[in-house]
Amino acid sequence: MENAKLNILPVPTFGQLRVNYAVRDIKEYETPDKLLELADNSRTVEAVTAGGRYDVTLGEGYTAALLQYVRADNGLTLDTKVTAGSGAELKLIQVFDRGAQTVARLETQLADGAELELVQLYIGGSDTVSEIVTSLDGRKSRFDAKIGYALSGSEQLDLNLISSQAGRKTESSITVNGVLRDSSKKVFKGTIDFKNGSSGSKGAEQENVLMLSEDADNRTVPVILCADEDVEGSHGATIGRIDDAQIFYMQSRGIPEERIYELTARARLAQVIGQIDDEDAQKRIYDSLNWSNKDE
């Protein structure tokens, strides 16, 4: 497939920013569909090295964790669909570890009282396009996303997140922390969409971007859509470099300026890495980031 439109913004009103969609060639799936019926109190680890489709289901009242560690030197297309039954609780971790062009889509459907905790980490990658569409159709369903990224060189990331809240008293919380170096480029589009009938629902999103180069290109587009009056939505972003006062304070404690930038960058990513409760995955992440150990 050639020149496919990906990561389409629900309200295409940002033409001047060139963020309404991304255009990429899509690689064909290299593996057949994989069905994952997660057992109660289970933990599943999937090493994703080739493109494919994952169909993940979690039964009513079940609690489970799923880790997808994605790395493919030849690039891939990954499609993951999650269906969580009433009262189910899923922790989904996705690590995108460098590699060639990657196109990923995550689609989730949450029934009454279902909860999804999403942890995503993007470590470089020559060109990554990722879309997250979460449908909070069930009453009192919850979505909590913690996302981190670290880009350097000429790496690119286009991230599109849509939280569609149709059920009553649903909640979504989205926190994104990232570091941009060199001439890397990143687009983050975060949309909280309160549908008609979602009364009593709440949604909040926050992105924190640390710019370590004047050549880095950052585009942050937070969007809140409301079709119901009885909702609470908020968004915010902090984008910039390390504060001069902070640099002065740390230098007065004998820390070199270069080290200050590195420690600050690590602190941003550590907030996300700390949510990845898998020792093997953490070790691979530290190795990929050239961190000697997690406490340094």
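**Exercise 1.** How much space lies in the largest cavity?

*Solution.* This is a predicted model, where local features need pLDDT of at least 70, side-chain atom pairs count only at pLDDT 80 or more, and totals for chains, interfaces and linings use all residues. Residues are numbered from 1 along each chain, and side-chain values use heavy atoms, without hydrogens and water.

Step 1: apply the rule. A cavity is a set of points on a 1 Å grid over the protein atoms alone where a 1.4 Å probe fits but cannot get out. Its volume is the space filled by probe spheres set on the points, joined across faces, edges and corners.

Step 2: count. One cavity of 30 Å³ or more results.

Step 3: read the volume. The largest cavity holds about 30 Å³ of space.

Step 4: list the lining (an atom within 4 Å of a point). Among the lining residues are Arg-71, Phe-96, Asp-97 and Ile-123. By class, three are nonpolar, four polar and three charged.

**Exercise 2.** Place strand 15 (residues 185-194) in its sheet.

*Solution.* Step 1: define. Strands are DSSP runs (E, at least two residues), numbered from the N terminus. Two of them pair if DSSP finds at least two bridges between them.

Step 2: order. The open sheet of eight strands runs 3-5-7-9-11-13-15-17, with parallel pairing.

Step 3: neighbours. Ten bridges tie strand 13 to strand 15, and ten join strand 15 to strand 17. Lys-185 is the bridge partner of Gln-156 and, in strand 17, of Asp-217. Lys-189 stands opposite Asn-160.

Step 4: burial (under 20% relative accessible area, 1.4 Å probe, protein chains only). Nine of the ten residues of strand 15 are buried, so the rest of the structure largely encloses it.

Methods:
Helices (H or I, at least four residues) and strands (E, at least two) are DSSP runs, numbered from the N terminus. On a 1 Å grid over the protein atoms alone, a cavity is a set of points where a 1.4 Å probe fits but cannot get out, and a pocket is an open set with protein on both sides within 12 Å along at least five of seven lines; lining residues have an atom within 4 Å of a point. Ala, Val, Leu, Ile, Met, Phe, Trp, Tyr, Cys and Pro count as nonpolar, Asp, Glu, Lys and Arg as charged, and the others, Gly among them, as polar. Buried means under 20% relative accessible area, exposed over 50%, partly exposed in between (1.4 Å probe, protein chains only).
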